[in-house]
Amino acid sequence: MSGPTGSRRPTRRGDLPPAGPRRPSDSASAVLRAVLDHGPIARSSVARVTRLSAATVSGVVSSLLDRGLVREAPEAAGRPGIGRPHVPLDIETEAVAVVGAHIAVPRITTALLDLRGRVIAQRQDPHRERDPASVLAALGAGVSALRHEHGGRRRIIGLGLATGGWVNTADGTVVEHPLLGWRNVPVGAPLAQTTGLPVRIDSNSRALLRAEQLFGGVATRARDSAVHLFVGNVVDVAFAVGGVVHQGPRSAAGAVAHLPVEGCTELCSCGRVGCLQAAVSERAFVRRALAGGLIARPDITSLVEVARRGDGAAVALLQERARLVGRAAGLLLDLFDPEVLVVSEAGANRLPACLEVLRAEAAACSDTRADMTRTVHPTSFPDHVLAVAGAAVALDQVYVAPPERYEQLRAS
């Protein structure tokens, strides 16, 4: 229970701020987040965690049960005692799902995820063409196939899309994606029309930061103060303060692709040399790995797998990339002084040696004196980064504003 006015008890993992409800959706969001963090959890415990009255919690839970977002979990109840049994609540993971989609430079990833952010099924389709109409048509076909093959009796309640470049979440537009050659491409509305689903889109890093806040291994700390650095063919950053991921007035926050990197001779898409994105892009390192005979297929996953098998040249190449990323991480630590900095980069995600190199370089380049082991972390989703990125855009909306009516849970 809360103490006197102006006081607050120490928070535990997943506790929500002690803010009173202003709208019904506020209460629904608070309750749903409490069940996500603590479930299976009793209604009385939900009331304690959310600081809502028992009557409010009872009404909200009834609504969430009707919407199919939570379920009663009698298997998690304790031994029966005197009086009415308390049946815990848990997130409904069997009857509903969201679709996550990601548009990368070489391919489209589509996946089906449950409401706890766990991947049910995933597919990847290389681009045949990269013009917007072809890519969106292929994405729509992939979503349809995924739902047909793996949706079963699940209700699909939304589609989230993540991609690189400048993404305007408010109007569902990819403002600029230089590596794909896209400018001012409407994405949300065409996909909603094609799939019949509510669609939200966002950038790689903002999407993955929201995933960390919802389901990640450092979720509680990431909700307070966090930076996410995404390093693929595209490089971008997201930051959050007080649980809010910053968008910027033009949805352009996090553009770090053209930060200067000393000694880099790679030509950037902007026409200059020495840009961070050109220096650390997957394409640059895959090209070098192919030229050195380290890999046979042109993708970063092949290079990581060769390095994991102990190939010294592959390890050295990925450690070189980790140093460059570490320099950027050090700059971000000085700029934001976050509680946590999460890095999504193929080598650091899967190779402890690369993560250590990255942390050491960040420490050498930063004046924050932060404990890098506690502060700098690899992604919590190393096996499904792109699938989770897309789905997190939809799942964040579910937990911020749960669908108000059962009719909005569209049948698959």
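A salt bridge here is a side-chain nitrogen of Lys or Arg within 4 Å of a carboxyl oxygen of Asp or Glu. The model on screen is predicted, and by this rule it holds 21 salt bridges.

**Stop 1: paired charges**

Side chains of opposite charge can pair when their charged atoms come close. Select Asp114 and Arg118. Their side chains form a salt bridge, with N and O 3.0 Å apart. Asp114 counts as buried because its relative accessibility is 6%, a value under the 20% cut-off. Arg118 is partly exposed, at 44%.

Move to Glu176 and Arg183. In this salt bridge the closest N and O atoms are 2.8 Å apart. Glu176 is partly exposed, with a relative accessible area of 30%, whereas Arg183 counts as exposed at 57%.

Next, select Arg287 and Glu266, another salt bridge, where the closest N and O atoms lie 2.7 Å apart. Arg287 belongs to helix H9 (residues 282-291), while Glu266 sits in the loop between strand S13 (244-245) and helix H8 (276-280), so the pair ties together parts that are 21 residues apart in sequence. Both ends are partly exposed: Arg287 has a relative accessibility of 44% and Glu266 has 21%.

**Stop 2: a charged network and a cavity**

Show the side chains of Asp202, Arg206, Arg210 and Asp396, which are linked in a network of salt bridges. Keep Asp202, Arg210 and Asp396 selected, since they also appear in the lining of the largest cavity.

Rolling a probe the size of a water molecule over the atoms shows where empty space is left. A search of the whole structure gives 1 cavity of 30 Å³ or more, and the volume of the largest cavity is about 30 Å³. To see its full lining, add Thr169, Arg200, Ile201 and Val393 to the three residues already selected. By class, the lining has 4 charged, 2 nonpolar and 1 polar residues.

Which elements each supply at least two residues of this lining? They are strand S10 (199-203) and helix H15 (385-400). S10 provides the largest share, 3 residues.

**Stop 3: the sheet**

From S10, widen the view to the open sheet of 5 strands, which runs in the order S5-S4-S3-S6-S10 with mixed pairing. Strand S5 (119-126) and S10 are at the edges and have a single partner strand each, so one side of each is left without a neighbour in the sheet. From one strand to the next, the twist averages 20 degrees.

Within the sheet, select S3 (residues 96-103) and S6 (residues 155-163). These two strands run parallel and are joined by 7 bridges. To pick out one bridge, select His102 and its partner in S6, Ala162.

**Stop 4: backbone exceptions**

Most residues other than glycine have a negative phi, and most peptide bonds are trans. Three places to check follow.

- Gly39 to Pro40: this peptide bond is cis, with omega near 0 degrees. Pro40 lies in the loop between helix H1 (24-38) and helix H2 (43-50).
- Ser251: phi is positive, near 60 degrees, in a residue other than glycine. Ser251 is in the loop between S13 and H8, and it counts as buried at 7% relative accessibility.
- Arg369: phi is positive, about 60 degrees, although the residue is not a glycine. Arg369 is in the loop between helix H13 (352-365) and helix H14 (372-375).

Is Arg369 buried or exposed? Arg369 is exposed, with a relative accessible area of 84%.

Terms used:
Residues numbered from 1 in each chain as written. Predicted model: local features only at pLDDT ≥ 70, side-chain atom pairs only at ≥ 80, totals over all residues. Heavy atoms only, no water. Buried < 20%, exposed > 50% of the residue type's maximum accessible area, 1.4 Å probe, protein only. Helix = DSSP H or I, 4+ residues; strand = E, 2+ residues; numbered from the N terminus. 1 Å grid on protein atoms, 1.4 Å probe; cavity = no way out; pocket = protein on both sides within 12 Å on 5 of 7 lines; lining within 4 Å. Points joined across faces, edges and corners; volume = space filled by probe spheres on them. Nonpolar A, V, L, I, M, F, W, Y, C, P; charged D, E, K, R; others polar. Pairing = 2+ DSSP bridges. Axes fitted to C-alpha atoms, helices over the stretch in contact; angles between N-to-C directions.
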